[in-house]
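Biologist: Could you take a close look at one cysteine for me? After that, I'd like to hear how the surrounding picture fits together.

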Amino acid sequence: MEFFSFGNIIVYIDKFIKFINSIFFVILIIGISFALIISPVDYLQGDSVRIMYVHVPSAWIGLSIFSLIAVSTMLNFIFKIKNLFLFVKSLAPIGLLFTCLSIVTGSLWGKPTWGTWWAWDARLTSMLVLMLFYVLFILSLKYFKNNENLTKILSFLSILGIINIPIIKYSVEWWSTLHQPASIKFLGTSSIHSSMLIPLFLMLLVLLLYCALIFLMKYKTEIIKIKKRNIKRL
Amino acid sequence: MLTKKIKTRLLFLISIVFITVFFLIFIYFNLKQNILYFKTPSEIFMNNQIERNSMIRVGGMVKKDSILQNNDEIRFILTDYERELIVVYSGTVPNLFSEDQGAVVEGILNDKKYLIADRILAKHDENYMPPQMKKILKENAK
């Protein structure tokens, strides 16, 4: 447990931030050049397929961050682990950012391919609901800051929100939607050609590194805030 | 590790999860029809009360060699490989709209087989590949 004390962990966070900073721009340049220049155009959509390299990873990240913070909030509610609360607090805005990014890029992609910016089909609507849950989550973090019921409110939101996650995932299979079915499955082959899969996963790596960078910075700030409060009390 | 307090909180949480899942299933079965973004031509054929003068969305494939283009009107057949629907539309179509591709049309049903469209959306599938690859696939199919 000594390792996880706040004083120790700050040193490791700094080291980790420096490490990510040193490799981030190299991977970013490789990923962007693969996505924008090296990868081929699509046989049907032409160049607009390149929006996929931002749209798909950011949607994945948005979904997985919500699952993460929902599970951690519930664990925090049951076992009262202070660290998990800081974890959730610093991760939630990043998830909101990427969910918004996937909605905006999806809308930019929808105009040249489908012919509309927005359609009220099951996938798009459930994604909008996810964004609203993020907004509610962050608003209750801000407004009920000193309320003793904060974890109860947050766990309630995460229960409601986490049920939405499988609905988003399977919406394109359960109902007839304008959005096409998933190209990449957990099991089985993907229907994206390998020359397009490489930039997709490179961009996923880039965005994940970016997430980690922002998260570590925010987590460090939260720890410093707590330390400062303790110093005042002394 | 599981003290009494933790156990009560755990039970509380699990019961809330079950109640919400129950409610969502209830809502789901009530909304089932409204969640569908479009109907297929066969569903329109089976449905005996067509709502005249109300907007309806129909999705399917654009039949091969069925697009007829006049000066200000486009006319094509939408099919789900069982039933067909004639669609008339005046306006610009999206880039991806073409034969043998999916499309969703929004408009007023005149007859069970005739739809006057207000808006056409193109639907594409989940396959992405470079043009050369598509050529090879086409040649192999022959």
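What does Cys100(A) count as by its relative accessibility: buried, partly exposed or exposed?

Modeller: Cys100(A) counts as partly exposed, because its relative accessibility is 28% (buried is under 20% relative accessible area, exposed over 50%, partly exposed in between, with a 1.4 Å probe and protein chains only). Bear in mind that this is a predicted model, where local features need pLDDT of at least 70, side-chain atom pairs count only at pLDDT 80 or more, and totals for chains, interfaces and linings use all residues. Residues are numbered from 1 along each chain as its sequence is written, chains are lettered from A and ligands numbered from 1 in the order written, and side-chain values use heavy atoms, without hydrogens or water.

As for bonding, there are zero disulfides over all chains (a disulfide being two cysteine sulfur atoms within 2.5 Å). Cys100(A) is in none, and its nearest cysteine sulfur, in Cys211(A), is 13 Å away. Look from the other end and Cys100(A) holds the closest cysteine sulfur to that of Cys211(A), but 13 Å is too far for a bond. Cys211(A) itself counts as buried, because its relative accessibility is 8%.

So much for the cysteines; now to where the chains meet. Here 37 residues of chain B are in contact (heavy atoms within 4.5 Å) with 42 residues of chain A. Tyr37(B), Glu126(B) and Tyr128(B) supply 21% of the area chain B buries against chain A, more than any other three residues (buried area is the accessible area, 1.4 Å probe, that two parts lose on being put together, summed over both). Between the two chains that comes to about 3700 Å², with 68% from carbon and sulfur atoms.
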